[in-house]
Amino acid sequence: MFSPVTSLALLLSVASPAPSTPSPSQEQAPATATAEAPPSDEVQVPRRLDSVAVPYPEAEQAAGREGEVVLRLTLDEQGSVTDSEVVRSAGAAFDEAVRTASLSFKFEPARVRGEAVACQIELAHTFKLDAPPPPVPQQPGSEPTATQPTTEATPPVPEEKKLETTVSARSDSEERRQSAEAVRVVSIQRARSRSGDLGQVLASQEGVEVRRTGGLGSTALFALNGLTDDQIRFFLDGVPLDLSGYPFGIANVPVNLVDSIQLYRGVVPVRYGADALGGAVNLVSSPQEVGAHGAVSLQGGAFGTFRLTLGGGYRPAEEGFYSRAHFFADTTNNDYSVDVEAADDRGSIRPVTVKRFHDGYDALGGGVEAGYTGLSWADRIVVRAFGARHDKELQHNLVMSGAPYGEARYDSDTLGAQLLYAKTLSPSARLDVLAGYAWQATKLVDVGEWVYDWFGNRVNPREVAGELGENPIDQTIWQSSVYGRVNVGWDVAKHQTLRLAFAPTLMVRTGEERRRASPSDPDRLAAERSQLTFVTGLEYEVDLLDDALEVILFGKDYVYVGKAEQPLATGGWRKKDRELHRLGGGAALRLRLGSPLYLKASYERATRLPRPDEVFGNGVLVQENLDLEPEHSHNLNLGLASVPLRTKLGSFRGELNGFARFADNLILLTGRDREWSYQNVYAARILGVEGSAGWSSPGGLFSLDANATVQNPRNVSGQGTFGAFEGRRLPNRPWLFANATARVSLRGLALAEDELSPFWSTRYVNGFFRNWEGLGTVESKDTVDTQFVQAAGIGYRVRRGKLTAGLTAELENVTDARVFDFFGVERPGRAAWLKGTLEY
């Protein structure tokens, strides 16, 4: 495999007359390739080997039309075309002709230092009609003879003008996908034009659940292969997401600020410097291109919802200074209809349909980045700064029962900065360093003095202020975090790499409760609390058998130091300091079984240290537990995947993966009303199978994708709080779910570079029990019923030069089905959206 250290993008322009259909007057000659610059000993560009002809569309020939189509072809290490994308259109007929033919092209593969590598090339193919031969002069009044040529055109001659080749040993995403790492790379190019948020994009992937307690801005529970929430780590470009300006959850990150998503199943690479029980999610931001670039998207629709994103940057040249910035703003009333039970004028409880009235959400934030590349003392140095704020109204308790809330709310403010430094120390060694600081303030106010009904009316005054519990709340929690990460890579020999990672994080928290029951009571939030974690990882990677086999071996060391004070009932404080040390490690391999299949297997003995919110509470509804223990799990994955298989019937793709998680000392959120806290409750075994399949018709006119997940999470502990339920399926967790999407792409309808895209998608979740399946009779059990939700829409996009504009209309929950992710908490019904995008 070509090392990422030396995988610098080498852009070469090559004049390459490729095989074409000659005119009768032309003499066939073998294809040649002449470099405009002297050929490099380091890089050998692809060379066309086949003699596939591109037919001239009959309708375009009859109409006398000409055109030029630019394709971006992806070539594998054997020189076969694995993907063909129209970069510049000349119309649907021209596009279809050359794109279909290009899937049969064969090239001598690109080589770097003699090693065959994958690459992308841009191929400009011109359809041109030969000019008619000049007429033969004739005497006035003479008739043309049979031997005299007519003015009809000779057969058209398509031409391929040039190849622009980028040799970079695969893109980073493709490098990850075909590596031994247990990762799935999700492109969200299409999702940018749709109304769904990042939570919906993630939920459409196999093995992923994103369950919400309401509409936009509500609490979201993320699960990957059966493990949930903080058991999965979230990153933005490798930096912890909650320390990058998005403390309110991954589901609410604007889609249009992300380029792709990397899902790591159960086994997390050491370069992230993270402790994780069930895997990781890394959001990859859009790459910075040369020149000035900008993008804006605006979405509006149901429930008073509007979402705005802005982004732009400037890079004068490949090397040197660059800068970019982004901004987002969201607002919604979340006033969708729900079915509840309310008292009528006579005091009788009856079912009614009402609109939510106190569930609004507002968020805004942004960031700036400036950096230099190509310095003598740094390959790359970057400074980032960010800030964000969100404000959320609270409508009801966790099961949407009892009286609603009419005034309770919380908000959060975040500020921070980061410094990134990267340097190639020698041809075989490299270093990258990250340092950052993040500050967050979370405020909860619950001082309401009225009881509200589900119609939003004030019913009567409260004897004691506060809606969430027995006492009013007016509190703020301040949290500061200093974090760092150092990655060192060393190519110890050809195809052998050693990596070392250090990642310390120090968090300090304090707070203030301004509405204590008595002024003499101790303020439980005032004590200073801190948490230091230090994760060290060592990884060895080797490629064997001419890249047919890749093996990764790694070990991890986890250190946890927590300091806290706990108020005593008799007054004063008690020290609650803790120190923990754990070891872990694992292995991963990828074996190529022959084109296009490859096998992946991975294992990690994973450890996850408790998070600050779990130990100290979240400042809203979750209380502290200073005795929380780390979680552990044996994570295994075994999968079979393929590169796209091109046939005359279209392109086929697929993946099948089995997973097992043997976890103990699991951390679970338990309690009721205001008394919620995280507890170590049981051990679990989660077995599952997930698969995906897709098909695209020749020319990309139609595409279908579907995936499904079956998982079996069970309690395997006879000890502790839930020992009586040993062998039972874990409660309140979906065990069968599936997704499907269909899309039509119609190009060149009104303009040469436009596309009309009708689409349809659906999600199915089989019903499951809220509580343990062994409790009570079937008739008495609380259940979350089977969900089957559909969405449909149509998008239009047009490109004019460097400007691309798009408009999408979408209808979510087409059938207006009643949807519940959690028992009792109803999700929004049918909703219409309109989203516009503009990119330069």
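**Labels and their cut-offs**

Student: Why is L640 called partly exposed?

Tutor: L640 has a relative accessible area of 33%, and partly exposed is what lies between buried (under 20%) and exposed (over 50%), with a 1.4 Å probe and protein chains only, so the label fits. Keep in mind that this is a predicted model, where local features need pLDDT of at least 70, side-chain atom pairs count only at pLDDT 80 or more, and totals for chains, interfaces and linings use all residues. Residues are numbered from 1 along each chain as its sequence is written, and side-chain values use heavy atoms, without hydrogens or water.

Student: What makes R608 and E631 a salt bridge?

Tutor: Their N to O distance is 2.6 Å, and the rule asks for a side-chain nitrogen of Lys or Arg within 4 Å of a carboxyl oxygen of Asp or Glu, so they pass. The two are 23 residues apart in the chain.

Student: How do you know whether R608 and E631 are buried or exposed?

Tutor: R608 is at 1% and E631 at 0%; buried means under 20%, so both are buried.

Student: Why does the pair R265 and E655 count as a salt bridge too?

Tutor: The N to O distance is 3.5 Å, which is within 4 Å, so yes. This pair links parts of the chain 390 residues apart.

Student: And why do R265 and E655 get their burial labels?

Tutor: R265, at 5%, is buried, because the limit is under 20%. E655, at 22%, is partly exposed.

Student: How many salt bridges does the rule give?

Tutor: The count comes to 48.

Note on methods
Helices (H or I, at least four residues) and strands (E, at least two) are DSSP runs, numbered from the N terminus.
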